[in-house]
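Please load the model in your viewer and keep a selection prompt ready. The tour moves from one selection to the next and says what is to be found at each stop.

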Amino acid sequence: MFKTTRFRKRSIILVLVITLLSTGFSYAGEATKEFKSLDDRLKYLGSMVKYIEAKHKYDVTEEELMEAAYNGVFNALDRHSNYFSPNEYEQFSVDTSGTFAGIGISVGVRNARLTIIAPIKGTPGEKVGLKSGDIVKFVDEIDVTNVNIERVIKLMRGEAGTKVKLGIIRGRDPEVKYFDITREVIEINPIEYEVIEDNIGYIKIVSFNNNAYENIKEAIDDLLAKNVKGFIIDLRNNPGGSLGEVTKVSDYFVPKDSPIVHIEFKNGKRKTYTAKKGKVDKPLAVLVNGGSASASEIFAGAIQGTDSGTIIGTQTYGKGTVQTVISLSNGGGMKLTIAEYLTADEKKIDGIGLTPDLIVKNIEVEDKENIPAFAPMIEDEKSKLNDKGLNIYGAQQRLGFLGYEVRATGVLDENTLEAIKQFQTSEKLTASGELDFVTKEKMNKKIVEVYSEGIEDLQLEKAIETVLSPK
């Protein structure tokens, strides 16, 4: 009986070994498999996929496994390189190109209902009378009440010249209103501009999509025709976009033949983009914050590095790499980091960000509800590099709250010294770096100003002041 049982156990083990080896896997008792080529690795991956598909307890398709494998390849790379499924790639292409065929409305989910945020000016959606706040109930007779927002967007888009019928609920009227809309090619204009107080040209760049250059050209020409005193370029929360677009836009504001950005590729190869036009001869201020990234930082770096204007706001995001986007045969795509860029004056900003010339922090209402307790700055002596004390700790707390990149340690280190100099410059004091009485008083005054006026746009106010009184 013992021999029979042992024989059966050995038989079962032998069957398992044969099964595993037939799928391309090595049994634990076998020598570790050594791969001699990429083809070997891909064949092994294929065997793994087939084994999982056949043996995994729960349903999973080969396509799902391979999509996961594609994503896994990019997990070994930097955070800005990634794989797009066909649906993701379609949306990414719209975001970067700024062009699609549809009806021209932006939508979102509010109170669990698909709601029109706003129709884009001049598009079919606006022309037929769609309004902000309208609830989308039907798309071509399909009830989309509980349908995923990405699916609804796909239903509304289509070839230019084709029609789509939207059923809309408006306000408290329960009756569904129907709109027959002919799709058109929609170009998203990322440029908003106007003349603000004291005859200053204000330009908001939402992103550097493929329509940025042609639209900013129109904005600049229009504002110059109105003889504005200067320009404010608002890049706050601009996530970036095309390298080609940002270099062309920067060309308007950087002196001819000056560098805009330096691109460093693999193996030490470098390409420098330089300005080819003559810059607009007007005072310039550029607004940035922690949401200003990538192409926005290229623009701000070009202005700061060539001393073409004043950068105002808070530390930028710090995305200093360049990606190329490649279409794949399965309908998806990949975005791959191929280079790193340096600002016009050759500063590296990846993971660091760009420090504005004038640091000004806007405080929101919710920030004011959580006012920190600052240490008093009551010591009489001036503080300088490497000094320690309560004054320094209190100053570091206040500087950090105002948007400067400092830590409250009580030691006046190089970083704190530089922050004090920047603060002194922004308040038109002598940039000595010393924590003297006047500087402490200015800090306290600034904190009070932020508390009392924090919901105002202090960054824009400083930009207006700077344009009217250029350095």
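## Stop one: a covered helix

The model is a predicted one, and the tour begins by selecting α9 together with what lies over its buried residues, a set of elements that includes β12 (231–234), α8 (243–250), β13 (259–265), β15 (284–288), β16 (310–313) and β18 (333–343). Helix α9 itself spans residues 295–305 and is mostly covered, with 10 of its 11 residues buried. Colouring by accessibility should pick out Ala-295, Ser-296, Glu-297, Ile-298, Phe-299, Ala-300, Gly-301, Ala-302, Ile-303 and Gln-304 as the buried residues of α9.

## Stop two: Phe-299 and the cores

Keep Phe-299 selected and show what is around it. Leaving aside residues up to four places away in sequence, Phe-299 touches Phe-208, Ile-233, Leu-235, Val-246, Val-249, Ser-250, Phe-253 and Val-286. Which two residues touch the most other members of the largest nonpolar core? They are Ile-203 and Phe-299, in a core of 40 residues. The elements giving two or more residues to this core are β11 (200–205), α7 (212–225), β12, α8, β13, β15, α9 and β18. A second core, separate and made of 18 residues, can be selected next; among its members are Phe-374, Phe-401, Ala-419 and Phe-423. In soluble globular proteins, nonpolar side chains tend to be buried together.

## Stop three: the open sheet

Now hide the side chains and show the strands of the open sheet, which has six of them in the order β10-β11-β12-β15-β16-β19, with mixed pairing. Its edge strands, each pairing on one side only, are β10 (191–196) and β19 (358–359). Within the sheet, select β15 and β16, which pair in the parallel sense over four bridges, and look for Ala-285, which stands opposite Thr-310 of β16. Is β16 covered on one face or on both? Both faces are covered, since Thr-310 and Ile-312 on one side are buried, as are Ile-311 and Gly-313 on the other.

## Stop four: two loop residues with positive phi

Between α9 and β16 runs a loop in which Asp-307 is found. The phi of Asp-307 is near 55°, a positive value in a residue other than glycine, and with a relative accessible area of 55% Asp-307 counts as exposed. A second example is Asn-267, in the loop between β13 and β14 (270–274). Here phi is near 65°, again positive in a residue other than glycine, while the relative accessible area of Asn-267 is 74%, so that Asn-267 is exposed.

## Stop five: the cavity

Finally, turn on a cavity display. How many cavities of 30 Å³ or more does the structure hold? There is one, and the largest cavity encloses about 40 Å³ of space. To centre the view on this cavity, select Ile-359, Val-360, Lys-361, Leu-402 and Lys-446, which lie nearest its centre among the 10 residues that line it. Then add α12 (414–426) and α13 (437–453), each of which supplies at least two residues of the lining. Colouring the lining of the largest cavity by class should give six nonpolar, one polar and three charged residues.

Technical notes
Residues are numbered from 1 along each chain as its sequence is written. This is a predicted model: local features need pLDDT of at least 70, side-chain atom pairs count only at pLDDT 80 or more; totals for chains, interfaces and linings use all residues. Side-chain values use heavy atoms; hydrogens and water are left out. Buried means under 20% relative accessible area, exposed over 50%, partly exposed in between (1.4 Å probe, protein chains only). Contact means heavy atoms within 4.5 Å. On a 1 Å grid over the protein atoms alone, a cavity is a set of points where a 1.4 Å probe fits but cannot get out, and a pocket is an open set with protein on both sides within 12 Å along at least five of seven lines; lining residues have an atom within 4 Å of a point. Grid points are joined across faces, edges and corners, and a volume is the space filled by probe spheres set on the points. Ala, Val, Leu, Ile, Met, Phe, Trp, Tyr, Cys and Pro count as nonpolar, Asp, Glu, Lys and Arg as charged, and the others, Gly among them, as polar. A nonpolar core is a set of buried Ala, Val, Leu, Ile, Met, Phe, Trp, Tyr and Cys residues joined through side-chain atoms within 4.5 Å. Two strands pair if DSSP finds at least two bridges between them.
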